[in-house]
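Reader: Could you walk me through this structure before I go back to the bench? I would like to start with the charged pairs and then move on to other things.

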Amino acid sequence: MREVAAEFANPVMLYSVGKDSAVMLHLAMKAFYPSKPPFPLMHVNTTWKFQEMIKFRDETVKRLGLDFIEYINQDGVTRGINPFDSGSSLHTQVMKTEALKQALDKYGFDAAFGGARRDEEKSRAKERIFSFRDRHHGWDPKNQRPELWRVYNTRINKGESIRVFPLSNWTELDIWQYIMAEDIPIVPLYFAKKRPVVERAGTLIMKDDERMKLLPGEKVEEKLVRFRTLGCYPLTGAIESDADTLEGIVTEMFTARTSERQGRLIDTDEKASMEKKKKEGYF
Amino acid sequence: MNAPTDLQKFLAAQEKKSLLRFLTCGSVDDGKSTLIGRLLYDTKLLFEDTLASLEKDSKKFGTDGDNIDFALLVDGLEAEREQGITIDVAYRFFATDKRKFIVADTPGHEQYTRNMATGASNSDLAVILIDARKGVLTQTRRHAYIASLLGIRHIVLAVNKIDLMDYSQEVFDAIVSDFHQFSARLNFASQVAIPISARFGVNVIEKSKVTPWYTGPALLSHLEVVDVDTALADTAFRLPVQWVNRPDLDFRGFSGTIAGGRIKPGAAVAVAKSGRTSKVTRIVTMDGDLEEAVAGDAVTLTLADEVDISRGDVLSDPGARPTVSDQFAAHLLWMADEELLPGRQYLLKLGTATVPAQVSALKHKIDVNTLDSHAAKTLALNEVGYANFSLAQPLAFDAYRDNRDTGGFILIDRFTNATVGAGMIDFSLMRATNVHWQALDVNKDARAALKGQRPVVLWFTGLSGSGKSTIANLVEKALAAEGKHTYLLDGDNVRHGLNRDLGFTDADRVENIRRVGEAARLFVDAGLIVLTAFISPFRSERRMARELVGEGEFLEVFVDTPIEICMRRDPKGLYEKAKAGKIKNFTGIDSPYEAPERADITLKTVESSPEDQAQGIVKYLRDKGYLG
């Protein structure tokens, strides 16, 4: 992280409010201490995030006294893009991928931190820690820069940028162990609680606000659930669980038989969907 | 595992586990990905949904009939699935009760050897796969050599697909003996050979009954216990300064990751380059000051004295300082399609310092099959050479064998910004420490003042026949008529003398321009207005020539004449010959010309006469104050 701060003119940390972002932010606080991280946090808000995420985000920014930018793709809002009617694919494309590109262009950021990990998904296993993006924010997996030792090539031409993944070599278990060891605050949605959920296509969706319309035959039930990953609420599946402490979550992980991204509806859109999204500029 | 007490015990055990980073390498289809898939599968690290998707994929893409094809688990990218080979380095994570592992799955295909080097640079051990049916191949030797070159001291020779050779001990022994003949010349501390079948799990996790003649450990058992401790914490203290931490005027800390040794408050440190020393006062972290920090820790130090330190400096043990020099010898692995050009300027990044550098002499390249040395003028993709480097500024470094972090560097192309080479420093060339610049009493300013002018290089560049020499000649005549002191270096004339030993390959063109740049530098130092008329087709070399002289002492003049017109003029009949194939490497025909992006002066020769162009340049010089 200090490498980025020292070598780039205008870096930014993409903060998604989730547990990985929480760890990444905590590392930044440590890396620059006693200084504050010399870059702003940016949240690309799709306007469909859980309300509790937004509340937690605002509290975190205030508590740490950081520069904060929220970006919403207004064009997408005007077009009425939403995950229910537009489909998860278009929604993610417009409100996340496009929005991120717009935001990076608008502020002219030349380096952006992200919390992605190599253990999350197959195409991410091959991602560099310093990942080069062309003028159009595209990723070319066949033309990645070799990364030797701890020497990172940070040179870019005007308009090009670098995505930086400091948590590349962390696993989901590492994240939770670190959160426990360092007592890092996380969004309460990770802990089990009675929440209003709807079962749709085999996945439990939390009815977070009135924008979610019930389909015929569906009903809202109060269930003891928690989330393993967080995103847009209509696209994030809950799991039934009684783990309401960090210890409980980690214990549950050892018995888990499904990988965390299964709760993400966007990955199953089509074959190799993550790789495709990344070539288009998704994180 | 339900009670928190068990969990706490488990977590405590997790923290104590050591981490082994290893890479798997081998030739195409030796079964690397299958082996890693097998390790993940048998250590029960696959989730149900991953497994379900694997079963689905196996039916679609699988090369193993209805059986699960483990390779599909790790071959993540679409292109790889279609071609059935791994094209990039992928990192995988798994753990057993004894150790945590990070595996770099690296490509077998020759064109991706650089990715193998990448994986090797961060690994402590290499698992080299050999197909029992094929034995030791060129790629096997190459990979063993690169692993050794990048400082890996421990290897495992996994003789895979032994099931297809009826689990034969003779086959296994022959391969191992073949390999040892080669590897005896490499610097490995431990070599263990294991007969395996990744597909059927033979000797991967547990020893199998089908190879009763094999008395060694199973692969995983070996990986769990092999001792790879390099004891970096016991080497000399090194902290490459990454970032100067200055939250306010009262605090000034130096942040970085310790690359060697250990440090305590009160310990003396030296700034390698300037030689200044001070004492560490605090090791600052967010969770309170530390009593000690060791290699691998990311820390912020404060010092007792106000010492000038910036990013790129190395804090070190005053009793065991790194070498400081602007010349060293190093092994170089070339990683770009475009070949290495000795003499061309690249950026060299070592630790946190980046400086312009060039290969001053390519000693030889190394045949990875025989380990023999051969004379070479350039290095192509995936070739390894041994070269002398010359840097624009001195750097602090160690030999790579002593410290990977302070002895390994990358080379970056100045225009594409691609990482083109990886280097491992062997030793400093002491020449640099003994030859110092001689400071002379009569200097450039004094010589220029005598002549009533400001020295400058007018660097004419353009295609053959564009009019460079003609216009440069007219400019010199006009300046001489005004009593100015000039010298014209002309491409053809220089090739009759100073550069008569050079041809027209890319490498020779680079050296040609380097010499001309140095000659121009001397003439500028003599106070002259220098005119050079060379095609000088590459941006890199023109930039190198610019950087040899001071700010404002270099004017790039682009003689912009379209190639059709040059061909029509063809004053020396060269285009005619080139088109007929009688001249090779002719700029504009079968050798590229990189036009300047921001020339100081651009001349459109089709729009006015050479005389007018020359007058324009003289006026430019007068307006800018070069003519006194």
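Author: Let me start with a term: a salt bridge here is a side-chain nitrogen of Lys or Arg within 4 Å of a carboxyl oxygen of Asp or Glu. Please keep in mind that this is a predicted model. By that rule, Glu556(B) forms a salt bridge with Arg546(B), and their closest N and O atoms are 3.5 Å apart.

Reader: Where do Glu556(B) and Arg546(B) sit in chain B?

Author: Glu556(B) is in strand β26, residues 554-560 of chain B, while Arg546(B) belongs to helix α16, residues 539-548 of chain B, and the two are 10 residues apart.

Reader: Is Glu556(B) buried or exposed? And what about Arg546(B)?

Author: Glu556(B) has a relative accessible area of 8%, so the residue counts as buried. Arg546(B), at 30% relative accessibility, counts as partly exposed.

Reader: Which residues does a salt-bridge network join?

Author: Asp131(B), Arg133(B), Lys134(B) and Lys161(B) are joined into one network by salt bridges that share partners.

Reader: How many salt bridges are there over all chains?

Author: The count comes to 39 over all chains. One of interest to you may be the salt bridge in which the side chains of Lys30(A) and Asp287(B) meet, at 2.9 Å from N to O. Lys30(A) lies in helix α2 of chain A and Asp287(B) in the loop between β12 and β13 of chain B, so this pair joins two chains.

Reader: How exposed is Lys30(A)? And Asp287(B)?

Author: Lys30(A) is partly exposed, with a relative accessible area of 22%, whereas Asp287(B) is exposed, with a relative accessible area of 53%.

Reader: What does Lys223(A) form a salt bridge with?

Author: The partner of Lys223(A) is Glu240(A), and the closest N and O atoms of this pair are 4.0 Å apart. Lys223(A) is in strand β9 and Glu240(A) in strand β10 of chain A, 17 residues apart, and the pair thus links distant parts of the chain. Lys223(A) counts as buried at 17% relative accessibility, while Glu240(A) is exposed, with a relative accessible area of 53%.

Reader: Changing topic, what does Ile155(B) touch?

Author: Leaving out residues up to four places away in sequence, Ile155(B) touches Ala126(B), Ile128(B), Phe179(B), Phe188(B), Ser190(B), Gln191(B) and Val192(B). Ile155(B) itself lies in strand β5, residues 154-160 of chain B, and at 1% relative accessibility counts as buried. The C-alpha atoms of Ile155(B) and Ile128(B) are separated by 7.1 Å, although these residues are 27 apart along the chain.

Reader: And chain B overall, how many helices and strands?

Author: Chain B has 19 helices and 27 strands, and 55% of its 628 residues are buried. Its accessible surface comes to about 27,000 Å², with 49% belonging to carbon and sulfur atoms.

Reader: What are the corresponding values for chain A?

Author: Chain A has 8 helices and 10 strands, and 63% of its 283 residues count as buried. About 11,000 Å² of chain A is exposed, and carbon and sulfur atoms supply 50% of that.

Reader: Which element of chain A has the lowest mean pLDDT?

Author: Helix α8, residues 273-280, has the lowest mean pLDDT among the elements of chain A, at 53, and helix α2, residues 19-32, has the highest, at 90. Over residues 263-272 of chain A the pLDDT stays under 50. Chain A averages a pLDDT of 79, and 86% of the residues score at least 70.

Notes. Residues numbered from 1 in each chain as written. Chains lettered and ligands numbered in written order. Predicted model: local features only at pLDDT ≥ 70, side-chain atom pairs only at ≥ 80, totals over all residues. Heavy atoms only, no water. Helix = DSSP H or I, 4+ residues; strand = E, 2+ residues; numbered from the N terminus. Buried < 20%, exposed > 50% of the residue type's maximum accessible area, 1.4 Å probe, protein only. Areas by Shrake-Rupley, 256 points an atom, 1.4 Å probe, with all protein chains shown as cover. Contact = heavy atoms within 4.5 Å. pLDDT = per-residue confidence, 0-100.
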